[in-house]
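Subject: Structure for your review

Hello,

Here is the structure you were to receive, with notes on what was found in it. Please have it open while you read.

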Amino acid sequence: MTWPFENDTSDIEKKLAKRSLHRERQRNLFAIIALVLTAFMITATFSIGFSYFETYQMQQIRLMGTTADVGITNVTENQLVEISKSNLVLDVGIQQRLGSVDTEQLQNARLGIVWIDDTEWGTHRLPTISSVVGNYPSSKNEIMLPTWVLEQMGISDPQIGMEIVLSYQIGDSYNYVSDTFLLSGYYTDYIPMRTNNRGYVYVSSAFKDSLNVSLDNSVTAMIRFQGNDNADKNCERLRREIDFTEGQTFEIVPLEQANGGTIILAVIILAVFISFSGYLLIYNIFDISVMQDVRQYGLLRMIGTSTRQIKSIVNRQAVWLTLIGLPIGLIAGFFAGRALLPVVMGIFSYEYSTASLQTSASPLLFVIAALFTILTVFISTRKPAQKASKVSPMEAIRYTEQDDYKKKTVTRTRGAKLSHMAFSNLGRN
C-alpha cells in the first residue's frame with residue numbers, strides 16, 4: 001500500500017536495508033546472538049513445562065496400570081450392553097480374575113491370573129507399560145509376564161516361546177495345579193511401585209474357556225468416560241441410567257492430576273522474564289546501531305525520506321536477523337529442554353523414573369515460543385526505529401561521535417593497561 005501522491009519505494013527500502021545489513025556485520029552478529037539466546041531460553045522453558053506436565057500425567061497413569069477412569073465389579077452381560085450404549089462412556093474393557101499363582105518360591109510377589117479382552121489390553125493397559133516384546137497370549141498354554149516377575153524367577157534373559165512352570169489355583173479352590181506354559185510376551189510395568197509387588201499373569205481366552213469351574217462375580221468392567229468431567233459425577237449419572245445391585249462397587253482409579261494452571265502460570269512468568277531480558281539485549285543493540293547511523297538517517301530525511309520509510313528500513317533488518325536467529329534458538333532450546341527434563345523431574349518428583357519421560361514435541365510449543373520471541377523483537381526495535389525516523393537532518397550533518405562526550409585530559413601513572421582502557425570506555429557511548 002502506498003500513501004496518496006507517494007511513489008512505491010519498497011524496492012529502494014529493501015536495497016538500503018540490505019546495504020546497512022551487510023555493512024554492520026558486528027551489529028548483526030550481536031543481534032543474532034541475542035535473538036538466539038532469547039528464542040533458546042523461551043523454547044527451553046516451554047519445552048520443560050510442556051514435557052513436565054505430560055511426564056507427570058503419564059507417570060501417574062503408569063502407576064495406576066490403566067487409562068480407565070473406573071472399574072465396576074461383578075457386571076452382567078446385560079449391564080455390559082447398557083454401559084456400552086451410554087453417552088457417558090467412551091469405551092469399555094473387560095477384566096476377569098481367574099485365580100492366583102503360588103509365589104512361595106518368589107521373593108515377595110503377589111500374582112493374579114487375569115484374562116482381559118482386546119479393548120482392555122490395547123486401550124487401557126498397553127499405554128501404561130513399556131518395552132513390550134511379543135504378543136498377548138492366544139493359545140491355551142501361553143502366558144505373558146512382566147520383567148520384574150521373570151527376574152524373581154531367575155530369568156534375566158527371557159525368550160519368546162520358552163517354557164515356564166507355574167503352580168496356581170483357580171477360583172475359590174485351595175487346590176494348586178502345576179502346569180508348563182509358553183512365554184508369549186513380556187513387558188515392563190510400574191504397578192509394583194504402588195502396590196508392593198502385586199502384578200498379573202495374563203492368560204488367553206482359550207485358557208479361560210477351558211476352565212470347568214464357576215467364575216461368577218469375577219468380571220469387572222473397566223470404563224473410560226467421555227470428556228474431562230469428574231469421575232465421581234459420571235459414576236452417579238451412570239447409576240441413574242443403569243440398574244446396579246448393592247453388591248456391585250465402583251472402584252474409581254485414584255489418578256492424581258498435575259496442577260496444569262500452576263505449571264502454565266510458572267512457565268509464562270519465566271517466559272515473560274526471559275523476554276524482558278531479551279528485550280534489553282536486542283533494544284540496546286539496535287539503539288546503539290541507530291546512534292551510530294544517525295548521519296545516514298539524517299541525510300535520508302534531508303532528501304525526502306518519510307518517517308514510515310525510515311522505520312521500514314530498520315524493521316526490515318530486524319526481520320531478516322530474526323529469520324536467521326529464531327530457527328537456531330528454537331531448535332537448540334528444544335534439545336536443551338529435553339536434556340534438562342530429567343534434572344527437573346528429579347528435583348520436583350519423588351517417584352521419578354527415566355522410563356516415564358515424555359518429551360513434548362507439540363507444534364504449539366514452537367508456535368508459542370516463536371510468538372514470544374517475535375513479540376520481543378517487535379517491542380525491542382520499535383523505539384530505535386522511531387528514534388531513527390525522527391533524526392533531524394541539520395543535527396545529523398553536524399553529528400560526530402566525539403560530540404557525545406566531553407574530552408578530558410587524564411594523566412596516567414599506571415600505563416595503558418587493557419583493564420583500565422576497558423573501564424574508561426564504560427563512560428562512553
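In which strand does R198 lie? The residue belongs to strand β8, which covers residues 198-203. Before going further, please note that this is a predicted model, and the values below are computed from it.

Surface patches

R198 is one of the residues in a positive surface patch, together with R97, R110 and R194. Its relative accessible area is 43%, so R198 is classed as partly exposed. Residues enter a patch with over 30% relative accessible area and no salt bridge, and R198 at 43% is above that cut-off.

There is also a nonpolar surface patch of about 520 Å². Its members are L29, F30, I33, L37, M41 and L281. Helix α2 supplies the largest share of this patch, with five residues. L281 sits in helix α9, residues 260-292. With a relative accessible area of 40%, L281 is partly exposed.

Salt bridges

How many salt bridges does the model contain by the rule used? The count is three.

One of them joins R224 and D91, with the closest N and O atoms 2.5 Å apart. This pair links distant parts of the chain, as R224 is in strand β9 (residues 219-225) and D91 is in strand β2 (residues 89-101), 133 residues apart. The partners fall in separate burial classes: R224 is partly exposed at 25% relative accessibility, whereas D91 is buried at 14%. The cut-off for buried is under 20%, so D91 at 14% meets it and R224 at 25% does not.

Another salt bridge is made by the side chains of R125 and E120, at 2.7 Å from N to O. Both of these residues are buried.

The side chains of K208 and D209 also meet in a salt bridge, with an N to O distance of 3.2 Å. Is D209 buried or exposed? It counts as exposed, because its relative accessibility is 56% and the class begins over 50%.

Loops

T66 is in the loop between α2 (25-64) and β1 (70-73). Although it is a loop residue, T66 is buried, with a relative accessible area of 8%. A polar atom of the T66 side chain lies 3.0 Å from the backbone nitrogen of A68.

Two asparagines in loops have positive phi values. Most residues other than glycine have a negative phi. N74 has a phi near 55 degrees and is found in the loop between β1 and α3 (77-85). At 23% relative accessibility, N74 is partly exposed. For N197, phi is near 65 degrees, and the residue is placed in the loop between α6 (192-195) and β8. N197 is buried, as its relative accessible area is 17%.

Pairs separated in sequence

Three pairs of residues can be looked up by their C-alpha distances.

F53, in helix α2, is 211 residues along the chain from I264. The C-alpha atoms of these two residues are separated by 9.2 Å. F53 is partly exposed, with a relative accessible area of 31%.

V272 belongs to helix α9 and is paired here with T376, 104 residues away along the chain. Their C-alpha atoms are separated by 9.4 Å. V272 counts as partly exposed, at 46% relative accessibility.

What is the distance in space between S312 and A385, C-alpha to C-alpha? It is 8.1 Å, with their positions 73 residues apart in sequence. S312 is in helix α11, residues 307-348, and counts as buried because its relative accessibility is 16%.

If you want a place to start, display the R224 and D91 pair, which links strand β9 with strand β2. The nonpolar patch can then be found from L29, F30, I33, L37, M41 and L281.

Regards

Note on methods. Residues numbered from 1 in each chain as written. Predicted model: local features only at pLDDT ≥ 70, side-chain atom pairs only at ≥ 80, totals over all residues. Heavy atoms only, no water. Patch = residues over 30% accessible without salt bridge, like charges linked within 9 Å, V, L, I, M, F, W, Y side chains within 5 Å. Areas by Shrake-Rupley, 256 points an atom, 1.4 Å probe, with all protein chains shown as cover. Salt bridge = Lys/Arg side-chain N within 4 Å of Asp/Glu carboxyl O. Lys, Arg positive; Asp, Glu negative; His and termini not counted. Charge placed at Lys NZ, Arg CZ, Asp CG, Glu CD. Helix = DSSP H or I, 4+ residues; strand = E, 2+ residues; numbered from the N terminus. Buried < 20%, exposed > 50% of the residue type's maximum accessible area, 1.4 Å probe, protein only. Polar contact = N/O pair within 3.5 Å; in protein donor to acceptor, adjacent residues only side chain to side chain.
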